[in-house]
Amino acid sequence: MFVDERVSALQSSYLNISYRDPAAVAALARLRRGVGKRPGELLDLLEFTTVPWFVDGDAAGDEEWAVHVALTLFSVHQQSRGERMHQRGRGLGQALRSLHSGDQKSLPDPLMRRFRMLGTADDFTEFTHHLRGVVQLLRTGGAPLDYGVLTDQLVDWQRGHRSRVQLTWGRQFHRTRRTAEPVDASRKD
């Protein structure tokens, strides 16, 4: 919920056609500097990524990492785009699949390779590196993504539910539209 609200507010301020808020432009630029960095490594990002319910301690927790990664990746995704790159209800698999309108058999190799790389990561740092490449593809293709849902999935991935997250993305990516066979009313069985 926090990430959805934060991203929605930044996106609205950034895309306001009557007045592009310089604070939103600056915030997105600052957040982009945090991609690939650890939570807390850049102090000026904490005003955007810190949530009151984060547990105090020496290391960032799963939720803190997820919020940091989601917000910094959103800033990469929205960069120089004139349309909304955060869209509620748009899963990662669905967003990636939308980059190719052809059938399953003709999916481009670079797209398939990026998608498959998400499943090869051994740790969260490697996983977020691959995720950054996916977000860059989405940005280039103008495909929006739900960053609130992504945040929840990043938490799940870190807490040992990697296969559940990958199953969700895989179903979204490989789902094909099924149309019902036309019914022939004159046919008698």
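In the predicted model, helix α2 comprises the 12 residues 22-33. A rise of 1.5 Å a residue gives an expected span of 16 Å for α2, and the end C-alpha atoms lie 17 Å apart, which agrees. The buried residues of this helix are A24, A27, L28 and L31. These residues cover an arc of only 95 degrees around the axis and therefore lie on the same side of α2. An α-helix has 3.6 residues a turn, so residues three or four places apart point the same way. The packing partners of the buried residues of α2 are α1 (2-15), α3 (46-49) and α4 (62-78). At the start of α2, the backbone nitrogen of A23 has a side-chain oxygen of D21 within 3.0 Å.

Helix α7 (124-141) was examined in the same manner. For its 18 residues, 1.5 Å a residue predicts a span of 26 Å; the end C-alpha atoms of α7 are separated by 25 Å, in agreement with that value. Buried positions in α7 are F124, F127, T128, H130, L131, G133, V134, V135 and L138. Contacts of these buried residues extend to α4, α5, α6, α8 and α9. The N-terminal end of α7 is capped by D123, with a side-chain oxygen 3.2 Å from the backbone nitrogen of T125. Just after α7, G142 adopts a positive phi of about 70 degrees.

In soluble globular proteins, nonpolar side chains tend to be buried together. The largest nonpolar core of the model contains 50 residues, and the members touching the most others are F127, L131, Y147 and L154. Two or more residues are given to this core by each of α1, α2, α4, α5 (92-97), α6 (109-117), α7, α8 (147-158) and α9 (162-174). The most come from α4, which gives nine residues. Of the core residues named above, L131 is also among the buried residues of α7. With residues up to four places away in sequence left out, L131 touches V69, L73, L92, L118, L150 and L154.

Confidence was considered last. The average pLDDT of the chain is 89, and 90% of the residues score at least 70. Over residues 176-189, pLDDT stays under 50, and the model has one contact beyond four places in sequence for this segment.

Technical notes: Residues numbered from 1 in each chain as written. Predicted model: local features only at pLDDT ≥ 70, side-chain atom pairs only at ≥ 80, totals over all residues. Heavy atoms only, no water. Helix = DSSP H or I, 4+ residues; strand = E, 2+ residues; numbered from the N terminus. Expected span 1.5 Å × (residues − 1). Buried < 20%, exposed > 50% of the residue type's maximum accessible area, 1.4 Å probe, protein only. Arc of directions from axis to C-beta. Contact = heavy atoms within 4.5 Å. Polar contact = N/O pair within 3.5 Å; in protein donor to acceptor, adjacent residues only side chain to side chain. Core = buried A, V, L, I, M, F, W, Y, C linked by side-chain atoms within 4.5 Å. pLDDT = per-residue confidence, 0-100.
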